[in-house]
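Subject: Structure for you to look over

Dear colleague,

Here is the structure I promised to hand over, and below it is a summary of what I found when going through it. Please read the summary with the model open beside you.

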Amino acid sequence: MKKQTAVEWLGYELNTKLFYNITPELWEQVNAIFEQAKAMEREQIVDAYWNGSTDLSKDKAIEYAKEFYMETYGGDK
């Protein structure tokens, strides 16, 4: 079973407790913001992996970080 990131957890909580009865237009705005937050979080994970690796090239660290994200959280890179 894949783990949830903090942003995914927040999105689920907001969707089930606050945003379950909003207009389609507002939902599109909320969803766009949520997707942007997930992309930012993915980049932070990659950056943390890169900053924590001392013996890898940046390209290799980014590749490993993306693999880690996919294996741990699933979804797209």
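A residue is called buried here when its relative accessible area is under 20%, exposed when that value is over 50%, and partly exposed in between. By that criterion, buried residues account for 22% of the 77 residues in the protein. Please keep in mind throughout that this is a predicted model.

Overall fold

The protein has 3 helices and 0 strands, and from the N terminus on its elements follow the order α-α-α. Its radius of gyration is 15 Å, well over the 11 Å that the globule rule gives for 77 residues, so the protein is more spread out than a compact globule. Along the principal axes, the C-alpha trace spans about 50 × 25 × 15 Å. When contacts between residues at least 6 apart in sequence are considered, 47% of them join residues that are at least 24 apart.

The loop between α1 and α2

Ile-22 sits in the loop that lies between α1 (6–17) and α2, and with a relative accessibility of 25% it counts as partly exposed. Leaving aside residues up to four places away in sequence, Ile-22 touches Trp-27 and Val-30. Ile-22 and Tyr-64 are separated by 42 residues in sequence and, from C-alpha to C-alpha, by 39 Å in space.

Salt bridges

A search of the whole structure returns 3 salt bridges, and I go through them here in sequence order. As general background, side chains of opposite charge can pair when their charged atoms come close.

In helix α1, where Lys-17 and Glu-13 both lie 4 residues apart, about one turn of the helix, the two side chains meet in a salt bridge with an N to O distance of 2.4 Å. Lys-17 counts as exposed, its relative accessibility being 53%.

In helix α2, Glu-35 forms a salt bridge with Lys-38, and their closest N and O atoms are 3.5 Å apart. These two residues are 3 residues apart in the helix, and so are separated by about one helical turn. Glu-35 is partly exposed, with a relative accessible area of 35%, whereas Lys-38 counts as buried at 16% relative accessibility.

In helix α3, the side chains of Lys-60 and Glu-63 meet in a salt bridge at 3.5 Å, N to O, and since they are 3 residues apart in that helix, about one helical turn separates them. Lys-60 counts as partly exposed at 33% relative accessibility, and Glu-63 is partly exposed as well, with a relative accessible area of 36%.

A buried acid without a salt bridge

Glu-41, which is found in helix α2 (residues 24–52), may deserve a look of its own. Glu-41 is buried yet has no salt bridge, and the nearest side chain of opposite charge, that of Arg-42, is 7.1 Å away. Because a salt bridge requires a side-chain nitrogen of Lys or Arg within 4 Å of a carboxyl oxygen of Asp or Glu, that separation from Arg-42 does not qualify. The side chain of Glu-41 does, however, reach the backbone nitrogen of Ala-6 at 3.4 Å. Not counting residues up to four places away in sequence, Glu-41 touches Thr-5, Ala-6 and Val-7.

Aromatic rings

The structure holds 2 aromatic pairs. In one of them, the rings of Phe-68 and Tyr-73 have their centres 6.5 Å apart and their planes at 90°, so this pair is edge-to-face. The pair formed by Tyr-69 and Tyr-73 is tilted, with 5.2 Å from centre to centre and 45° between the planes. Tyr-69 and Tyr-73 are 4 residues apart in helix α3 (residues 58–73), and are therefore separated by about one helical turn. Through these ring pairs, Phe-68, Tyr-69 and Tyr-73 are linked into a cluster. As for accessibility, Phe-68 is partly exposed, with a relative accessible area of 36%, while Tyr-73 is buried at 15% and Tyr-69 is buried too.

With best regards

Key: Residues are numbered from 1 along each chain as its sequence is written. This is a predicted model: local features need pLDDT of at least 70, side-chain atom pairs count only at pLDDT 80 or more; totals for chains, interfaces and linings use all residues. Side-chain values use heavy atoms; hydrogens and water are left out. Buried means under 20% relative accessible area, exposed over 50%, partly exposed in between (1.4 Å probe, protein chains only). Lys and Arg count as positive and Asp and Glu as negative; His and the chain ends are not counted. A polar contact is a pair of N or O atoms within 3.5 Å; within protein, one must be able to donate a hydrogen and the other to accept it, and residues adjacent in sequence count only if both atoms are side-chain atoms. Contact means heavy atoms within 4.5 Å. Rings of Phe, Tyr and Trp (its six-membered ring) pair if their centres lie within 6.5 Å; planes under 30 degrees apart count as stacked, over 60 as edge-to-face and the rest as tilted. The radius of gyration is taken over C-alpha atoms; the globule rule is 2.2 Å times the number of residues to the power 0.38.
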